[in-house]
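Work through the exercises below with the model open beside you. Try each task before reading its solution.

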Amino acid sequence: MIDQADGRLHIRVPMTLANAAGLLQAGRQALGRGEQVIDLGAVAQADSSAVSLMLAWQRAAADLGANLRYANVPPVVQAMVELYDVDALIPRC
């Protein structure tokens with residue numbers, strides 16, 4: 001679901017409601033190990049739950065005192081981030 005390489009977490013599955021619970025837990029566990037960049041470059045499918053996941057991971061990182069950023073955000077996810085007016089809450093590399 002989530003691979004770790006080059007100091008980043010790489011999401012390799014669709015960011016959809018079907019995978020949201022597993023992705024949320026996997027991301028929280030990885031953040032506990034100090035990961036600070038989540039790379040979405042391999043995400044081929046996403047729905048609105050992708051934005052919810054990103055915000056939940058931001059909260060989890062803040063609770064740990066981590067500085068979380070996102071890389072290679074797909075255009076469809078970026079469009080939803082802007083539509084929901086949460087762009088300032090989701091920092092990018």
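**Exercise 1: the hairpin**

Four bridges link strand E1 (residues 2-5) with strand E2 (residues 8-11), and the two run antiparallel. The model is predicted.

Task: Find the residue in E2 that is the bridge partner of Ile2, then find the residue with a positive phi in the hairpin.

Solution.
1. Start at Ile2 and cross to E2: the bridge partner is Ile11.
2. Go to the turn. Two residues lie between the strands of this hairpin.
3. Check phi there. Asp6 has a positive value, near 55°.

**Exercise 2: the sheet**

Task: Give the strand order of the sheet, and state which strands stand at its edges.

Solution.
1. Take the pairing of E2 with strand E3 (residues 37-39). It is parallel, over two bridges. Here His10 has Asp39 in E3 as its bridge partner.
2. Move on from E3 to E4. Three bridges join them, again in a parallel pairing. Asp39 stands opposite Ala71 in E4.
3. Put the pairs together. The sheet is open, has four strands in the order E1-E2-E3-E4, and its pairing is mixed.
4. Read off the edges. E1 and E4 (69-71) each have a single partner strand, so one side of each lacks a neighbour in the sheet.
5. Add the twist. On average, neighbouring strands are turned by 30° against each other, direction ignored.
6. Place helix H1. H1 packs on the sheet and touches E1 and E2, with its direction at about 25° to that of E1.

**Exercise 3: a loop residue**

Task: Is Thr16 buried or exposed? What does Thr16 contact beyond its neighbours within four places in sequence?

Solution.
1. Locate Thr16: the loop between E2 and H1 (17-31) holds this residue.
2. Apply the cut-off. Buried means under 20% relative accessible area. Thr16 has 12%, so Thr16 is buried.
3. List the contacts. With neighbours within four places left aside, Thr16 touches Gln45, Ala46, Asp47 and Ser49.

**Exercise 4: the sides of a helix**

Task: Which residues of helix H3 (residues 75-83) are buried, and against what do the buried residues of H3 pack?

Solution.
1. Pick out the buried residues of H3: Val77, Gln78, Met80 and Val81.
2. Test their arrangement. They cover an arc of only 160° around the axis, so they lie on the same side of H3.
3. Recall the geometry. An α-helix has 3.6 residues a turn, so residues three or four places apart point the same way.
4. Turn to the other side of H3. Pro75 and Leu83 are exposed there.
5. Find the packing partner. The buried residues of H3 pack against helix H2 (49-64).
6. Step past the helix. Asp85 follows H3 and has a positive phi, near 55°.

Technical notes: Residues numbered from 1 in each chain as written. Predicted model: local features only at pLDDT ≥ 70, side-chain atom pairs only at ≥ 80, totals over all residues. Heavy atoms only, no water. Pairing = 2+ DSSP bridges. Buried < 20%, exposed > 50% of the residue type's maximum accessible area, 1.4 Å probe, protein only. Contact = heavy atoms within 4.5 Å. Axes fitted to C-alpha atoms, helices over the stretch in contact; angles between N-to-C directions. Arc of directions from axis to C-beta.
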